[in-house]
Amino acid sequence: MIQVSTIIKVADKTGVTSAKCIKVLNTAKIRIACLGDVIVIAIHRLNPKKFHKVKLFKKKKFFKGTLHRGLIIRTRVYYKRMSSIFLRFNENSIVIVNKRVVPISNRVFGPVPRELCMRLPSLGCVSRFMI
């Protein structure tokens, strides 16, 4: 569960290392985001070695403090599947997406739950390791 002002790890190829949650985008007045929710983030930390390899038109977008949307792909809270199996990850992590919830980068690092890949096929295409 992720709430406002949580520092989150970014698990894609954009060169952003960590981000801070600014707002949870839900229809209700719920202020807590779970697996598969979209949040508004501010870039907190960049990795200069990864950022050097990013294409030029994407470099202009990512600076410290800029606002983007992020899709939560891993949380530390237990997630229950239909078959009564519980999943839990070691970290809270997101993927930076656009308004149509399509990942901006072409690679996602680490495992992604199968339910998210079924719901969002564009995320399943860029991830290599599904659980």
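Helices (H or I, at least four residues) and strands (E, at least two) are DSSP runs, numbered from the N terminus. The model is predicted: local features need pLDDT of at least 70, side-chain atom pairs count only at pLDDT 80 or more, and totals for chains, interfaces and linings use all residues. Residues are numbered from 1 along each chain as its sequence is written, and side-chain values use heavy atoms, with hydrogens and water left out.

**Exercise 1. Describe the fold and its overall dimensions.**

Step 1. Count the elements: the protein has four helices and seven strands.

Step 2. Put them in order. Starting at the N terminus, the elements run β-β-β-α-α-β-β-β-β-α-α.

Step 3. Compare the radius of gyration (taken over C-alpha atoms) with the globule rule, 2.2 Å times the number of residues to the power 0.38. The protein has a radius of gyration of 14 Å, close to the 14 Å given by the rule for 131 residues, so it is as compact as a globular protein of that length.

Step 4. Read off the extent: the C-alpha trace spans about 45 × 35 × 25 Å along its principal axes.

**Exercise 2. State how much of the protein is buried, and describe its surface and charges.**

Step 1. Fix the cut-offs: buried means under 20% relative accessible area, exposed over 50%, and partly exposed in between (1.4 Å probe, protein chains only). By this count, 42% of the 131 residues are buried.

Step 2. Accessible areas come from the Shrake-Rupley method with a 1.4 Å probe; for residues, only the protein chains shown count as cover. The protein exposes about 8200 Å², of which carbon and sulfur atoms supply 58%.

Step 3. For charges, Lys and Arg count as positive and Asp and Glu as negative, while His and the chain ends are not counted. Each charge is placed at NZ of Lys, CZ of Arg, CG of Asp or CD of Glu. The mean positions of the 28 positive and 4 negative charges lie 8 Å apart.

**Exercise 3. Locate the nonpolar cores.**

Step 1. A nonpolar core is a set of buried Ala, Val, Leu, Ile, Met, Phe, Trp, Tyr and Cys residues joined through side-chain atoms within 4.5 Å. The largest one has 15 residues, and I39 and I94 have the most contacts inside it.

Step 2. Find the contributing elements: β1 (7-10), β2 (16-25), β3 (38-46) and β7 (93-97) each give two or more residues to this core. The largest share, four residues, comes from β2.

Step 3. Apart from this core lies another, of 14 residues, including L71, V108, L120 and L123.

**Exercise 4. Examine V24 and S93.**

Step 1. V24 lies in strand β2 and is buried, at 9% relative accessibility.

Step 2. V24 and I39 are 15 residues apart in sequence, and their C-alpha atoms are 4.6 Å apart in space.

Step 3. S93 belongs to strand β7 and is buried as well, with a relative accessible area of 0%.

Step 4. Contact means heavy atoms within 4.5 Å. Leaving aside neighbours within four places in sequence, S93 is in contact with I8, K9, A11, L71, I72, I73 and R74.

**Exercise 5. Describe the positive phi values at S84 and V101.**

Step 1. Most residues other than glycine have a negative phi.

Step 2. S84, in the loop between β5 (79-80) and β6 (86-87), has a positive phi near 60 degrees.

Step 3. V101 also has a positive phi near 60 degrees. V101 sits in the loop between β7 and α3 (114-119) and is partly exposed, with a relative accessible area of 22%.
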